[in-house]
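User: I am new to this structure and would like to see how the terms used for it are justified. Could we go through some of them, with the reasoning spelled out each time?

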Amino acid sequence: MISGKTAGEIFEQIRLAIQSGALHANDTLPPVRELATTLDVNRNTVALAYKRLVAAGIAESKGRNGTVIRSIAHDAPQEGTPPGLALTDLAGGNPSTSLLPDLRKVLGRISATPRLYGEPPVEAALEEYGRVWLGQDIDTGFDLTLSNGAVDGVERILSSHLIKGDRVAVEDPCFLSSINTLKNNRLVPVAVPMDEEGMCADALSSALTQGVQAIIITPRAHNPTGWSLSAARAEQIRALLAQYPQVLVIIDDHFSLLSDNRYQHVIPQETLRWALIRSTSKFLGPDMRLAFIASDTDTAQRLALRLNAGSSWVSHILQDIVLASLQADDFDASIASTRETYRMRRETLVSLLKADGIPLSDSHDGLNVWVPLPRESTPVVMALAKYGWLVREGEIFALKQASHGVRITVSDMSETDATTFAKTLAQLLTPYFHSS
C-alpha cells in the first residue's frame, strides 16, 4: 500500500515497497489521478514523485501505458561464452589463446617495488609509448590517460560528460558492450546505419541535425560486421562533425595493431571534446585490458577525477606487464604473425562460403566473419547447434534496422573446421536464400 502526503514521502514509500518485495520489476504503478485521489493529495504531488522515480532509474515512464517499475537487465547479451561447452564455440568473439603472448616471459621483468597512494597514475615509460603510438594518428596536441580497457574508458568518458536522457549516435548494428553501456547509463542510442565503408554519412547528418550530444565510432574491424572506414567516408564524417564542434566524439579503435586496414582519423580540429581509445585486450588478452586514451585536456581532467590515485587508478602491476610485453624483442614480429593468421582464417572461411554460393561482403577485418541473412537468424543458429556449432545470432546487435545474420568467430578456426563448417552452413543457407 502506497502512502504519503508529499512527493518525497510517496517516492520513499514506493522505493521501500520495491526493496521489501511488495512491488516487483515490471509492476505498473497506479495512475497519477487514481493515486492522488487515494492519498487525498494534488495530482502534481504524485506526478513529481513519479518523475523522481524515473530520474533515479527506479521506474520507467511508458507514456499512456503508465509508470512501470524498472527491471535490471541481468540477461543482457555479453561477449564471450561459458567454458566447457559441448558445442564448438564460434560465438565468443575472443582472441585465440594460442596467439596471445606467454606472460611468464615478461613477469620477471616487471618492477618489484610496491606503488603507493600518491604515485603518478601513469608510468612514465608507458606514457611515452602511448604518446608515440597514438600521436602518429592525431594532428593536434593531446593528453594521455589510461583506463581498464576500452569499454571502461568509453563508459567513464560518457558518464563524465553526459547526463541521463542524452542522445548518443552509434553504428547500427552495434557492438554489444556499447549497447549495454548506453542502457546502464540511461543514455539514448541513436542508430546510424552503416555499410562497408562505415557509418552512412547521410544518416549521420540527420542524427546530428536532430541533436545528439555524443557519437561513438569504430574506425576499423567493426563488431559484428568486420567493416572499416574508408578514406572517403572518413573525410565525409570529419566534415560533418566539424559543423557540430560541441558533440563529444569517441573513437574506439579496439583492433588497432591487428587490423589489416589503415586507421582513418575522423576527429576535426574544431571538435571541443574528443577521445581516441586503443586497448591491448585483443593482442595481449582480455585479462590485460588496459586502454590508452588520447583526448582533449578537459576530457582528460574529467577522467582523472574518476581515475585518481586515491581510488581507482589502473594497476601499476598491469601497466608493468603491458609495457614489458610491448617492449619485448619479438613483439613486432609476433603482432605481424598474429595479424596474418587472423587474416588467413577469415579469408579461408569467406572463400569457402563464397564458393558454395553464399553472398558475402569482400570487406572483413577482426576476429569474426559476418554472414547476412534475408530474414531472422534463429532457425539457422538452432540448426547449426544440432550439428555441433555455436554461432552468434545477428539480431542482438540491432538497434533500429533489421540485423539478420550470423556472426562467426574464426580466431581459433582450423582449415579442417572451416571446411566442415562451411559445408554445413551452405547446406542450411541454400534453401534459406532460395525461399526468401
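Analyst: Asn26 is found in the loop between helix H1 (7–20) and helix H2 (32–39), and, like everything discussed here, this is read from a predicted model. Asn26 has a positive phi of about 80 degrees although it is not a glycine.

User: Why is Asn26 counted as exposed?

Analyst: The relative accessibility of Asn26 is 54%, and exposed means over 50%, so Asn26 counts as exposed.

User: What makes Ala221 buried?

Analyst: Ala221, which lies in the loop between S8 and H9, has a relative accessible area of 3%. Buried means under 20%, and therefore Ala221 is called buried. Its phi is near 55 degrees, a positive value in a residue other than glycine.

User: Why is His265 called buried?

Analyst: With a relative accessible area of 14%, set against a limit of under 20% for the term, His265 is therefore buried. His265 lies in the loop between strand S9 (248–252) and strand S10 (274–279).

User: How do you know that the side chains of His265 and Tyr263 are joined by a polar contact?

Analyst: The contact between the side chains of His265 and Tyr263 is 2.9 Å, and because a polar contact needs a pair of N or O atoms within 3.5 Å, that distance meets the limit.

User: Which residues is His265 in contact with, leaving aside its neighbours within four places in sequence?

Analyst: Those residues are Asp137, Ile138, Asp139, Ala234 and Arg238, where contact means heavy atoms within 4.5 Å. The C-alpha atoms of His265 and Asp139 are separated by 9.0 Å, although the two residues are 126 residues apart along the chain.

User: What makes the empty space lined by Val170 and Phe175, among others, a cavity?

Analyst: Rolling a probe the size of a water molecule over the atoms shows where empty space is left. The term cavity applies because a 1.4 Å probe fits at its points but cannot get out. The count comes to one cavity of 30 Å³ or more, and the largest cavity has a volume of about 40 Å³. By class, its lining has four nonpolar, four polar and one charged residues; Glu171 is one of the lining residues, and Glu counts as charged.

User: Which residues are joined by cis peptide bonds, and where are the prolines found?

Analyst: One cis peptide bond joins Asp172 and Pro173, with omega about 10 degrees, and Pro173 is found in the loop between strand S5 (167–172) and helix H7 (176–184). Another joins Asn223 and Pro224, with omega about 25 degrees, and Pro224 is found in the loop between strand S8 (214–217) and helix H9 (231–242).

Terms used
Residues numbered from 1 in each chain as written. Predicted model: local features only at pLDDT ≥ 70, side-chain atom pairs only at ≥ 80, totals over all residues. Heavy atoms only, no water. Helix = DSSP H or I, 4+ residues; strand = E, 2+ residues; numbered from the N terminus. Buried < 20%, exposed > 50% of the residue type's maximum accessible area, 1.4 Å probe, protein only. Polar contact = N/O pair within 3.5 Å; in protein donor to acceptor, adjacent residues only side chain to side chain. 1 Å grid on protein atoms, 1.4 Å probe; cavity = no way out; pocket = protein on both sides within 12 Å on 5 of 7 lines; lining within 4 Å. Points joined across faces, edges and corners; volume = space filled by probe spheres on them.
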